[in-house]
Amino acid sequence: MSMSMDDSWTVLEQLVQEVNRQTEQIRDMHEKIRDVSASATSKDGMVTVTVGARGDVRKIDFDPRVYRKLSPSELSASLVEQIGAATRTVSGELKETMQPFAPADLPFEDLFGEEVDFPSFLAQATTPRPKGRGKQP
């Protein structure tokens, strides 16, 4: 059974609509990813760190009493801890945002790994490749 020209155009129009729909979804996802950030505050409230989607530290806030209450090594440890906590939160938010784009029959952890570090992944995925890479001289 062969398709008529009208049927072929209808199928083609449906395919184009689907590509446009998926392209728009990817644009929306990219926008959400770009705007993702998370903050983490130490238990004592002395240190708050905010990181972006790529794990970039966007803001560090100290309680004014921090220099009287924490030694330099304690302050350093607290900073590292809060950066890690905020980065884990960002990774969870990115995972949630990207989940709909993963194949339905493939668990997300199998696709990216159990301990996926999305900020590092995104930084690598969005770094432009040098021109001419892969071309023979």
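## A tryptophan on helix α1

W9 sits in helix α1, which covers residues 5-35. Keep in mind that this is a predicted model. So how covered is that tryptophan? W9 has a relative accessible area of 48%, so it counts as partly exposed; the cut-off for exposed is over 50%.

W9 also has company. Together with M5, V11, L12, L15 and V16, it makes up a nonpolar patch on the surface. Add up the accessible area of the patch and you get about 580 Å².

## The overall layout

Stepping back to the fold, the protein chain contains five helices and three strands. Walk along the sequence and you meet them in the pattern α-β-β-β-α-α-α-α.

Of the 137 residues in the protein chain, 26% are buried. The protein chain exposes about 10,200 Å², and 53% of that comes from carbon and sulfur atoms. As for contacts with a separation of 6 or more, 49% of them are between residues 24 or more positions apart.

## The sheet

How are the three strands ordered in the sheet? They line up as β1-β2-β3 in an open sheet, with antiparallel pairing. The edges are taken by β1 (37-41) and β3 (57-62), each of which pairs on one side only. On average, neighbouring strands in this sheet are turned by 10° against each other, if you ignore direction.

Let's zoom in on one pairing. Strand β2 spans residues 47-52 and pairs with β3 in the antiparallel sense, over five bridges. If you want a specific spot to look at, find T48: its bridge partner in β3 is D61.

## Helix α3 against the sheet

Now bring in helix α3, residues 72-98, which packs on the sheet. Which strands does helix α3 touch? It touches β1, β2 and β3, and its direction makes about 40° with that of β2.

A good residue to click on here is Q82, which lies in helix α3. Is Q82 buried or exposed? Its relative accessible area is 4%, so Q82 is buried; the cut-off for that label is under 20%. Leaving aside residues up to four places away in sequence, Q82 touches A40, T41, S42, V47 and V49.

## Two residues to compare

To wrap up, try viewing the two helix residues side by side. W9 in helix α1 is partly exposed at 48%, whereas Q82 in helix α3 is buried at 4%.

Key: Residues numbered from 1 in each chain as written. Predicted model: local features only at pLDDT ≥ 70, side-chain atom pairs only at ≥ 80, totals over all residues. Heavy atoms only, no water. Helix = DSSP H or I, 4+ residues; strand = E, 2+ residues; numbered from the N terminus. Buried < 20%, exposed > 50% of the residue type's maximum accessible area, 1.4 Å probe, protein only. Contact = heavy atoms within 4.5 Å. Areas by Shrake-Rupley, 256 points an atom, 1.4 Å probe, with all protein chains shown as cover. Pairing = 2+ DSSP bridges. Axes fitted to C-alpha atoms, helices over the stretch in contact; angles between N-to-C directions. Patch = residues over 30% accessible without salt bridge, like charges linked within 9 Å, V, L, I, M, F, W, Y side chains within 5 Å. Salt bridge = Lys/Arg side-chain N within 4 Å of Asp/Glu carboxyl O.
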